[in-house]
Amino acid sequence: MDTAAASLLPPAAAKPRGVLSPLHVSRSGLVPRQRSLLAVRCAHFRAPPPPPPLPRADSDDAAAKAHPRLRLRLLAEEFRALPSDADRARRLLSLAAALPRLPEPDRAQGNRVMGCVARVWLVARCNAATGWRMRFAADSDSDLSRGYCACLVAALDGAKPEDVLAVDPADPDLAPLGAGITAARSRASTWHNVLVGMQKRARTAIAAREGRHPGKPFPSLVIARDGAVRAQGSYAEAQAMFLSPDESKISGLVNTLKEKKIGVVAHFYMDPEVQGILTAAKKQWPHIQISDSLIMADSAVKMAEAGCDYITVLGVDFMSENVRAILDQEGFNKVVVYRMSSEPIGCSLADAASSCEYTHFLREASRCYPSLHVIYINTSLETKAHAHELVPTITCTSSNVVPTILQAFAQIPDLNVWYGPDSYMGANIADLFQRMATMSDEEIAKIHPDHNRKSISSLLPHLHYYQGGNCMVHDMFGHEVVGKIKEQYCDAFLTAHFEVPGEMFSLAMEAKRRAMGVVGSTQNILDFIKDHLMGALDRNVDEHLQFVLGTESGMITSIVAAVQELFDLYSSQERANIEVEIVFPVSSDAISKTSNGSHNVGSSMGTDLDNLTIVPGVSSGEGCSIHGGCASCPYMKMNTLGSLLKICHQLPDKNNKLSVYQANRFNVKTPLGKSVAEVGCEPILHMRHFQETKRLPHKLVHQVVHGNGDELS
């Protein structure tokens, strides 16, 4: 009996000296003497008669002939009727004892179910010999997990594949099974994850029965325990080429950066060649930072404080603008900021926020009192300034947008919140709040202590989001990609940026509910992968962790570096065979159109993007498959290693040859005659205050309640 199960049973009588505690668990499992103690221990409390075994789907029992959903509901009702967690634990343990053990060959890595705290194995057969019925067997090294496996095997073994797929893991009638036992929530994920594994095998069986061949897998990179990387697919091979950069290029760059005191801030979505060299160079020159857009400006300030005379920004233009403005705010006016192209480095989201349609959206907000505008940080400084003069504005990121909005509703009565410009993120936020409205008050309080079901339901009509903007990269994660993930990767860990379309968001949220997914920022995605790898390293058993990367593929360099670093950190322990696989989803279109489909309400994104010739697909050497490309931002790829070296080598710029590369410093005025830089920075400073205090600043609240024109003295 595992520790989680033992903790649910009533305490035993005092044990004689020299007898092992029944709660003692070794890494290799329970010693034989503990199993015999369980029977003695159970005799100290009154228990109901042993329940009858569960009817299997292939038996003659009338309940067994019912639809699998009905069998599971009957089982859930049985668990619901039991008076206590201890009774439910005993029922699971009795089912576990009756479940046949898998033979050792079937307890193989290829049959492991990902996402379970304990080791769980699932085997399935479905062919003409089984009458095209699913034949399941499962096992676990945890007794409670075996109990959950027994429930599913009893209900679904012998069922038609279509009937297995018809079971909804989110069915509220199955809550007593899916929610788990109070003191053993970690084991309850087994129920969801084994069910998802069964459904994946059911899809495979249907394809085999219909004579359909499974599609080619997405390309991926696999990082082994010794740090070695193997690529699967042409795009992955192209990425892997730059993970071990040329030492002469690294040393040449480092020497130049040190000599001229140059700091480098780069976004996660950089070209893999650039990221590979910067990641290696950072070990020799600390003033290099690869991060999301929020941390870039903070890092630039720290570099300036450390004595850097120049900051090079590898990102899109709004990022270099923000770095320039924040350095000026912090008094580092003499530190020169350079971007990597003499041409504009645009962004589809930033373009959407500078449109006439977005101004109309803000004017509508200004007529609705009281209103707060929450603007995504991926917008220009000029946009932030003009918006803030129309409607009191606070900046947000994909990682803090939800707590920002929830705090605003909690702190300002009768508030209206207007979010933009990312229509997918806006729809996903609304979806998330609708999900929260069905949660218990206790669950909601864990997300935000000042909210409950009533407050969440009341804020829904007051949340507005712009419907004419999206990220051209994350737009790729639509119906086609989601369909393939459901079919081939439903049992993998699923990561998704908050900017993805609703189908991908819902899929990731379902995975998150069973501890198999994350929705958030690029940093959230990186942390999720690291956390699960650390858990596997702590368990130190053979595992293959597979993650679907639901964001720009440029993140892979930082992910590989983080994984290799963790493997090195745990190198002193006895090595289990642990691998991490990062999967790159593929779209049939190498890059999406700029229209937004059903989400498009008067979008203004018919810009120069319509004539874009840079397509990350096979034709440009970056292809994932013969049909299309991976999620790759062409704007970010304008930041090349050649541009970085060119700028660094020409510093200091005595002849002013690099003026076209300098980041914009806004000396222009807003419509109200104020400095664009000053007004545009204020929403960012409001966000920084919120991050530090978890409350909106008093000045912003005053602006919302009394209007921007009535400033605090």
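Which backbone oxygen does the side chain of T404 reach? In this predicted model, the answer is the backbone oxygen of N400, at 2.7 Å. T404 itself sits in helix α17, which covers residues 401-411. With a relative accessibility of 0%, T404 counts as buried. Leaving aside residues up to four places away in sequence, T404 touches I394 and F690.

A little further along the chain comes D414, found in the loop between α17 and β11. Its phi is near 60 degrees, a positive value in a residue other than glycine. Unlike the buried T404, D414 is exposed, with a relative accessible area of 66%. W132 also has a positive phi without being a glycine, here near 55 degrees. The place of W132 is the loop between β1 and β2, the latter strand being residues 135-140. At a relative accessible area of 27%, W132 is partly exposed.

Now for the peptide bonds. The one from G420 to P421 is cis, and its omega is near 5 degrees. P421 belongs to the loop that runs between β11 (416-420) and α18. Another cis bond joins L651 to P652, this time with omega near -5 degrees. P652 is in the loop between α25 (641-650) and α26 (676-693).

On to the strands. Six of them make up an open sheet, in the order β4-β3-β16-β15-β13-β14, and the pairing is mixed. At the edges stand β4 (229-232) and β14 (517-520); each has a single partner strand, so one side of each is left without a neighbour in the sheet. On average, and ignoring direction, neighbouring strands of this sheet are turned by 15 degrees against each other. As a rule, strands of a sheet pair through backbone hydrogen bonds, and they do so either parallel or antiparallel. For β15 (residues 543-550) and β16 (residues 578-583), the sense is parallel, and the pairing runs over six bridges. Within this pair, Q546 stands opposite E581 in β16. The sheet also has a helix packed on it: α23, residues 522-539, touches β13 (493-497), β14, β15 and β16. The direction of α23 makes about 175 degrees with that of β15.

What about charged pairs? Across the whole structure, a search turns up 23 salt bridges. One of them ties strand β15 to a distant part of the chain: R112 forms a salt bridge with E543, and their closest N and O atoms are 3.5 Å apart. R112 lies in the loop between α4 (85-98) and β1 (120-125), while E543 is in strand β15, 431 residues away. Both ends of this bridge are out of the way of solvent by the accessibility count: R112 is buried at a relative accessible area of 12%, and E543 is buried at 8%.

Another salt bridge stays within a single helix. R435 pairs with D431, with 2.7 Å between the closest N and O atoms. The two residues are four apart in helix α18 (residues 423-436), so about one helical turn separates them. R435 is partly exposed here, its relative accessible area being 30%.

Salt bridges can also join up into something bigger than a pair. R101, E104, R107, D139 and R146 are linked in a network of them. Inside that network, E104 forms a salt bridge with R107, and the closest N and O atoms are 3.9 Å apart. Where do these two partners fall on the accessibility scale, buried or exposed? E104 counts as exposed, at 59% relative accessibility. R107, at 22%, counts as partly exposed.

Definitions and conventions
Residues are numbered from 1 along each chain as its sequence is written. This is a predicted model: local features need pLDDT of at least 70, side-chain atom pairs count only at pLDDT 80 or more; totals for chains, interfaces and linings use all residues. Side-chain values use heavy atoms; hydrogens and water are left out. Two strands pair if DSSP finds at least two bridges between them. Axes are lines fitted to C-alpha atoms, for helices over the stretch in contact, and angles run from 0 to 180 degrees between N-to-C directions. Contact means heavy atoms within 4.5 Å. A salt bridge is a side-chain nitrogen of Lys or Arg within 4 Å of a carboxyl oxygen of Asp or Glu. Buried means under 20% relative accessible area, exposed over 50%, partly exposed in between (1.4 Å probe, protein chains only). A polar contact is a pair of N or O atoms within 3.5 Å; within protein, one must be able to donate a hydrogen and the other to accept it, and residues adjacent in sequence count only if both atoms are side-chain atoms.
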